[in-house]
Every structure is written in structure tokens, then in C-alpha cells.
Amino acid sequence: MSKLQVLDHPLIQHKLSLIRDEETGSKEFRALVEEVSMLMAYEVTRDFPLQETEVKTPVATAKCKVIAGRKVGLVPILRAGLGMVDGMLRLIPAAKVGHVGLYRDPETLMPVEYYCKLPPDIAERDLIVIDPMLATGGSAAAAITFLKDRGAQNIKLMCLIAAPEGIQAVQNAHADVDIFVAAVDECLNDHGYIVPGLGDAGDRLFGTK
């Protein structure tokens, strides 16, 4: 079974409170989502292996450690996942960015892929799928399936807020994918929104309704 990690660092929790506030406007909302994503990236990458190297300082030669040749890919789920990309790229600037776009079929209620553009070497990369909200889990599970169908092997999922239903759905579908969130909320309402949540992340990021 995949691991669930709730990242409870004080800075993450403080900024998440501001993100939830309905009085927070789009400009500040975007900045806060970027900041929290950057902070969460520290924990998501904690298990990256290191290798020893030598660096010549102005004084002497030092034995140091660098990340051991990991290739990283960030895959935001369109459109709200775009708001988390820049914060992560500030810490992992060499990461390649792919995109997955999904919509829910109104008749079958199943996620349908309408866009997918990925790095060509996806099978060699550690992929981090990013989306602010993990509600029903349908879109995240489908996006991960699409990535696996294209050869991806090492995948993590990172979200700001999750509902228990969404966590369970992803774990049931992808027992090998670890999930990183800043908060686990109470439940979903009748419209599929996370309670208390933060509303529609895409609308709040981009000023739409």
C-alpha cells in the first residue's frame, strides 16, 4: 500500500490557512500556492539518493554530496496544477515539465484525457504529479494510469488538500504511488467539493468562475 505523508511544517500550515481564506485574492493566492509548493518539494524529494564528490573550495578540497543522477519530471494536472509548478522549479530547476489534461464525461462520469505532453524519457524519470486538490481521486488516478501506460515507473502524487475519499481511491488504484499532502480534510459534499477545503482552486488561481 502506498504511503500517505501529511506535511505539517509550521510554515506550510500557516500559508495553507491563508490559502483557504475566502478573502485571499487571486494574486496573493497564486503566490501562496507557489510558496507552499516549494516548501512541500523539500519533503517530496527527501528520499533522493546522494553520491559523494569532491569540490575545490578557496581553501582546500572538500568531500561533498550531490544528488545521484536523478532525472525529475513534474506533471501538473491541468489547469489548477499549473499553479504549483513554478514553486517546485525554484528548487528543482533541471526538472522537465509534462502536462496532462482531463475532463469528466457527463454521461459516464469517467475521466477522459484531452491533452498529454510528456518528456520523451519519461520512463527514466522520477515523476511528481501535482494538483492542488485531491477530491474524488478520479482525475489523479486516471492521470497516473495514463503516465504508466506511457512507460512511467516511479511516480509520486503531491496535493495541497485531500479528502479521505480521494486518498482511498488513489491508493486502491495505485498501491505503488506515495501521496504527499499538506492537509486531510473532513469529507466531500454533494457537489464533490472538499469540506472545508478552499473552493475551486483553478478559479481562485486564475480569477475565473
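# Group meeting talk: a pocket and the residues around it

Let me begin with one residue, Ile 194, whose place is in strand S13, the run of residues 194-195. What you have in front of you is a predicted model, so please keep that in mind while I go through it. Ile 194 is buried, because its relative accessible area is 7%, and the cut-off for that word is under 20%. If we leave aside the neighbours within four places in sequence, Ile 194 is in contact with Met 133, Leu 134 and Ala 135, with Ile 161, Ala 162 and Ala 163, and also with Asp 185, Cys 187 and Leu 188.

I chose Ile 194 as a starting point for a reason that comes from a record. UniProt, in an unreviewed entry, places the feature "binding site" at Ile 194, Gly 199, Asp 200 and Ala 201, and the lining of the largest pocket takes in Ile 194, Gly 199, Asp 200 and Ala 201 from that set.

Let us turn, then, to that pocket. The space in the largest pocket comes to about 770 Å³, and among the 26 residues that line the pocket, those closest to its centre are Asp 131, Met 133, Ala 135, Ser 139 and Asp 200. Which helices and strands each supply at least two residues of this lining? They are strand S4 (71-78), strand S6 (99-104), strand S7 (111-117), strand S9 (133-134), helix H4 (138-149) and helix H6. As for its make-up, the lining divides into 14 nonpolar, 8 polar and 4 charged residues.

The UniProt record, again as an unreviewed entry, has a further "binding site" feature, which it places at Arg 79, Arg 104, Asp 131, Pro 132, Met 133, Leu 134, Ala 135, Thr 136, Gly 137, Gly 138, Ser 139 and Asp 200. From this set, the lining of the largest pocket takes in Arg 79, Arg 104, Asp 131, Met 133, Leu 134, Ala 135, Thr 136, Gly 137, Gly 138, Ser 139 and Asp 200.

I would like to look at some of these residues one at a time, beginning with Asp 200, which lies in the loop between S13 and H6. Is Asp 200 buried or partly exposed? Asp 200 counts as partly exposed, because its relative accessibility is 29%. Apart from neighbours within four places in sequence, Asp 200 is in contact with Arg 79 and Tyr 193.

Arg 79, the partner just named, is found in the loop between S4 and helix H3 (85-91), and the peptide bond that leads into it from Leu 78 is cis, with omega near 5 degrees. There is also a cis peptide bond from Val 195 to Pro 196, with omega near 0 degrees, and Pro 196 is found in the loop between S13 and H6.

Next come Leu 134 and Ala 135. Leu 134 lies in strand S9 and counts as buried, because its relative accessibility is 1%. Its contacts, leaving aside neighbours within four places in sequence, include Leu 157, Cys 159, Ile 161, Val 170, Ile 179 and Ile 194. Ala 135 has its place in the loop between S9 and H4, and it is buried as well, with a relative accessible area of 18%. Not counting residues up to four places away in sequence, Ala 135 touches Ala 163, Glu 165, Gly 166, Leu 188, Gly 192 and Ile 194, so that we are back at the residue with which I began.

Another contact of Ile 194 is Cys 187, which is found in strand S12, residues 187-188. Cys 187 is partly exposed, with a relative accessible area of 29%. From Cys 187 to Lys 15 there are 172 residues in sequence and 21 Å in space, taken from C-alpha to C-alpha.

Lys 15 brings me to my last topic, helix H1. In H1, which runs over residues 10-20, Ile 12, Lys 15, Leu 16 and Ile 19 are buried. Why do these residues lie on the same side of H1? They cover an arc of only 110 degrees around the axis, and this is what puts them on the same side. What covers the buried residues of H1 includes helix H2 (26-44), strand S10 (154-162), strand S11 (178-184) and helix H6 (201-206), and H6 is one of the elements that we met in the lining of the largest pocket.

Terms used: Residues are numbered from 1 along each chain as its sequence is written. This is a predicted model: local features need pLDDT of at least 70, side-chain atom pairs count only at pLDDT 80 or more; totals for chains, interfaces and linings use all residues. Side-chain values use heavy atoms; hydrogens and water are left out. Buried means under 20% relative accessible area, exposed over 50%, partly exposed in between (1.4 Å probe, protein chains only). Helices (H or I, at least four residues) and strands (E, at least two) are DSSP runs, numbered from the N terminus. The arc is that of the directions from the helix axis to the C-beta atoms. Contact means heavy atoms within 4.5 Å. On a 1 Å grid over the protein atoms alone, a cavity is a set of points where a 1.4 Å probe fits but cannot get out, and a pocket is an open set with protein on both sides within 12 Å along at least five of seven lines; lining residues have an atom within 4 Å of a point. Grid points are joined across faces, edges and corners, and a volume is the space filled by probe spheres set on the points. Ala, Val, Leu, Ile, Met, Phe, Trp, Tyr, Cys and Pro count as nonpolar, Asp, Glu, Lys and Arg as charged, and the others, Gly among them, as polar. UniProt positions are given in the numbering used here, feature names are shortened, and annotations may be inferred rather than shown by experiment.
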